[in-house]
Amino acid sequence: ITNRVPGYIEKLYVSAPGQTVRSGSPLYDIYSPELIALVEELHAAQRYQTSLPPTAHPSIHANATELIMAARKRLELTGLERTEVARLARTSVIPRTLTINAPTGGVILTANVVQGAFVPASTELFKLADLSSLWVIGDVYEQDLPKIRLGQTAAVTLQSFPGRSFNSRVDFIYPRLDDQRRTVKVRLRLANPGYMLKPGMTVKIALSGSAAKQQLLVPKQAVLRTGNQDIVILALGEGRFQPRKIQLGGADANHYAVTSGLDASDTVVTSAQFLLDSESNIQAVVQQLTQAAETAETPPTTSSPATPTAPAHVH
């Protein structure tokens, strides 16, 4: 709420953050010579209209009416309600102070004024918010963004209310990706009956989507990522191994989804007794294994037999 005319705050009806105000309830009384001059202008326009003889040209009467309407409009633009302007028009008494009312109901978040202070025009006096509904801002990881859509239902939980869930929907998806966190912000609108939820609380958001399709998963430690391609080592049995190029999809904490290159019946190597410390070593081992598979020979001596293996599985 910004003061629109310079003046002195004669009386404050609201003085502290946290107070609840109703729409149209008084906020402060202001003494403003500029505001009083606008009231005098309205009265002068009304006196001019009254002084016109009935025989005056219709255009003159129309101009007088326009002067009155313009004076009323200027008073409304200062923050006075239309009913207050109408009251001022009905009386010939010009009050010393005028009351500015709340344009909407809500809770006072900040109050930047003290009684008796002079405030210039455009000074922010109060910050008022309707806390009957709140925005919840959440972070969605980059790889999960295709699963998010407007209107998607969500369950919001808070540590302050264990065992309780609040229903909400995705209201807005922000257009920018956070370069550092690799997340995109989404906004949800949440009802706040009784003002039980407070701005600044930390929440968890569970977004519901359509049923996921079955996907072939492999453990993350089974995948050799060279930058140009993704490879797994198949365990063929009897000490034989074969590299296989695969295409990866999404991921969770422990697995990659495989979109092509593997079958559910394949068994992949999850660890081995050799150290691959660079991309060149990976390429060398893959090349040796490929040559061994083509010539149907045993694995090269540069690599030891793999230890644990794990079947690819459907999740």
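Visitor: What makes strands 3, 6 and 9 an open sheet, and in which order do they stand?

Guide: In this predicted model, the three strands are arranged in the order 3-6-9 with antiparallel pairing, forming an open sheet. Strand 3 (20–21) and strand 9 (126–129) stand at the edges with a single partner strand each, so one side of each is left without a neighbour in the sheet.

Visitor: How do you know that strand 6 and strand 9 pair?

Guide: Two strands pair if there are at least two bridges between them, and strand 6 (residues 106–111) shares four bridges with strand 9, in the antiparallel sense. Among the residues involved, Ala111 has Phe126 of strand 9 as its bridge partner.

Visitor: What span should helix 2 have, and how far apart are its end C-alpha atoms?

Guide: With 20 residues (residues 58–77) at 1.5 Å a residue, helix 2 should span 28 Å, and its end C-alpha atoms are 29 Å apart, which agrees.

Visitor: Which residues of helix 2 are called buried, and where do they lie around the axis?

Guide: Buried means under 20% relative accessible area, and in helix 2 this applies to Ala64, Ile68, Ala71, Leu75 and Glu76. They cover an arc of only 145 degrees around the axis, and therefore lie on the same side of helix 2. Their cover includes helix 1 (33–51) and helix 3 (82–90), whereas the face turned away from the buried side carries the exposed residues Pro58, Glu66 and Leu77.

Visitor: Where does pLDDT stay under 50?

Guide: It does so over residues 297–315. Where pLDDT is low, the predicted coordinates should not be read in detail.

Note on methods: Residues are numbered from 1 along each chain as its sequence is written. This is a predicted model: local features need pLDDT of at least 70, side-chain atom pairs count only at pLDDT 80 or more; totals for chains, interfaces and linings use all residues. Side-chain values use heavy atoms; hydrogens and water are left out. pLDDT is the predictor's confidence in each residue, from 0 to 100. Contact means heavy atoms within 4.5 Å. Helices (H or I, at least four residues) and strands (E, at least two) are DSSP runs, numbered from the N terminus. The expected span of a helix is 1.5 Å times one less than its number of residues. Buried means under 20% relative accessible area, exposed over 50%, partly exposed in between (1.4 Å probe, protein chains only). The arc is that of the directions from the helix axis to the C-beta atoms.
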